[in-house]
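Here is a short tour for anyone meeting this structure for the first time. Have a look at it first, and then we'll go through it piece by piece.

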Amino acid sequence: MRSLALLFLFAALVAWAANAPRKAFPFDYEQHDFPNGLRLITIPTDYPNVVALYIVVQAGSRNEVEPGKSGFAHLFEHMMFRGTREYPTAKYEAALKEAGAASNAYTSDDHTAYHITFSKEDLERMLEMEADRFRNLEYSQDVFKTESLAVLGEYNKNSAAPTRKLYEVLRDTAFDRHTYKHTTMGFLKDIQDMPNQFDYSRLFFRRYYRPEYTTIIVAGDVDKDNVRSLVQKYWGEWERGDHRAEIPAEPAPTGPRSNEVKWATPTLPWVVVSFRGPAYSDAEKDQAAMDLISFLGFSESSELYQKLVIREQKVDVLEGDNSDHVDPYLFVVWARVKKEQDMDSVRDDVLATLEGFRKNPVSSERLEQVKSHLRYRFALSMDNSESIASMLARYVALCRTPETINRVFDLYAQVTPEDVQRVANKYFAESGRTIVTLKGGKAQ
């Protein structure tokens, strides 16, 4: 009888496993913390020979708290390629070329990431070179001035794009105290003064390029034990820091705001409608519900898209944006309008759509379709080692663990029509609204 009971139990467990929902992040991984605060996440994959290495530093423009010092996180995206005594720039670049490695970096509000994709036989050398520049970066005042002037050139180039200026004005208008007020590029006046800030640049590096702020992600054709051993060898003696940035909290919004960008040359007008939103969370439903609202209201399958883009053809770009941030950020709707005289009606249609989420529960069937679509789209995005590491870097910057992905997709599954309506009423209030428009100049 006991054997029969065990057989039934085994059959029940097999049936449960077959029907249990698969984790959104389905890969077996190892998460290891070193005594100095450095975290290593290793994901062996079935994609042969290739390895993707992402090094995530939890320091972005959010950390630029001192007045006059915006833009330094992005500056270090440049400075980190200026070499060390062991690996000067030319030697570093030659090593990458010899390995056939693809290397780059990016800066965001909440983190900076450095990434390399290479063949598995070059894993040790890549870890050695990266550890060297993270621990021993060197640059002269002349090199610093050259790079800071290059950043100014990048700012000027970006400012030639209407949407860049629009985004900059939106953030400056929507925030008062929080460092999300400036973009990752920084305020222009601060960038212009960067060549004079050599000493501060060294301070910024000493503060944030520390193991407790850093997570190494290795995804690909690797052995977990070997990766851990190599990271210990080259990164284990990296000294922990003690700096903690005091990020200024943004006060509660007190009323609607608006601004206008007047573009000198002819361009299609834009209407941007935003509301103060929640911070990223894998424990509370608010951010997950806002993600679903973004898709429900403003994706290509939404009623408003069909109305404005397809039927009436007033708009040629309509997008909702609810990007994840460490601190409360913005829910934004972007609309590029074909004719200036339609700007007010497009704005009103966007506001009416958001108000609709406050007044009426969404269809349960439609909500479930969107949840399934987002999960399926996410799964499809992880089709090689580099894309796995790239996607994971964004979440690691928020919570330092792949498990946050599984938790947040579990939250999506739990969101009800009532949750959507509750969250819409909480965040789409007039007091938290910021609208910015852009109008182009007339052709000569």
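## Before we start

Helices (H or I, at least four residues) and strands (E, at least two) are DSSP runs, and their numbers count up from the N terminus. One more thing to keep in mind: what you're looking at is a predicted model.

## The largest pocket

Let's begin with the open space. The largest pocket holds about 1,400 Å³, and 49 residues line it. If you want to find its centre, look for Asp321, Asn322, Ser323, Asp324 and Arg394, the lining residues that lie nearest to it.

Which helix gives the most to this lining? That's H6 (residues 162–174), which puts in six residues. As for the chemistry, the lining divides into 18 nonpolar, 16 polar and 15 charged residues.

## Helix H10

Next up is H10, a helix of 13 residues that runs from 286 to 298. At 1.5 Å a residue, H10 should span 18 Å, and its end C-alpha atoms are indeed 18 Å apart, so the two values agree.

Is H10 largely enclosed or open? Since 13 of its 13 residues are buried, H10 is largely enclosed by the rest of the structure.

## Aromatic pairs

Now for the rings. A pair of aromatic rings is described by how far apart the centres are and by the angle between the planes. This structure holds 34 such aromatic pairs. One of them joins phenylalanine 25 and phenylalanine 27: it's edge-to-face, with 5.4 Å from centre to centre and 65° between the planes. Phenylalanine 25 has a relative accessible area of just 1%, so it counts as buried.

Another pair brings together tryptophan 270 and tryptophan 334. Their ring centres are 6.0 Å apart and their planes meet at 90°, which is why this pair is edge-to-face too. The pair links distant parts of the chain, with tryptophan 270 in strand E8 (residues 270–276) and tryptophan 334 in strand E10 (residues 330–337), 64 residues apart. Buried means under 20% relative accessible area, so tryptophan 270 makes the cut at 8%, and so does tryptophan 334 at 10%.

## Charges over rings

Some rings have a charged neighbour over the face. Arginine 133 lies over the face of phenylalanine 81, at 4.6 Å from the ring centre. Lysine 189 does the like with phenylalanine 187, at 4.4 Å from the ring centre.

## Loops to look at

Lysine 69 is in the loop between strand E3 (50–57) and helix H2 (72–79). With 17% relative accessibility, lysine 69 counts as buried. Its C-alpha atom is 42 Å from that of valine 309, which is 240 residues away along the chain. Glutamate 284, in the loop between E8 and H10, is exposed at 54% relative accessibility. Glutamate 284 and leucine 411 are 127 residues apart along the chain, yet their C-alpha atoms are separated by 7.6 Å.

Two other loop residues have a positive phi without being glycines. For asparagine 49, phi is about 75°; this residue sits in the loop between strand E2 (39–44) and E3, and at 32% relative accessibility it counts as partly exposed. For glutamine 313, phi is near 55°. You'll find glutamine 313 between helix H11 (303–311) and strand E9 (315–321), where it is partly exposed at 47% relative accessibility.

Note on methods. Residues numbered from 1 in each chain as written. Predicted model: local features only at pLDDT ≥ 70, side-chain atom pairs only at ≥ 80, totals over all residues. Heavy atoms only, no water. Expected span 1.5 Å × (residues − 1). Buried < 20%, exposed > 50% of the residue type's maximum accessible area, 1.4 Å probe, protein only. 1 Å grid on protein atoms, 1.4 Å probe; cavity = no way out; pocket = protein on both sides within 12 Å on 5 of 7 lines; lining within 4 Å. Points joined across faces, edges and corners; volume = space filled by probe spheres on them. Nonpolar A, V, L, I, M, F, W, Y, C, P; charged D, E, K, R; others polar. Phe/Tyr/Trp six-rings, centres within 6.5 Å; stacked < 30°, edge-to-face > 60°. Lys NZ or Arg CZ within 6 Å of the ring centre and 35° of its normal.
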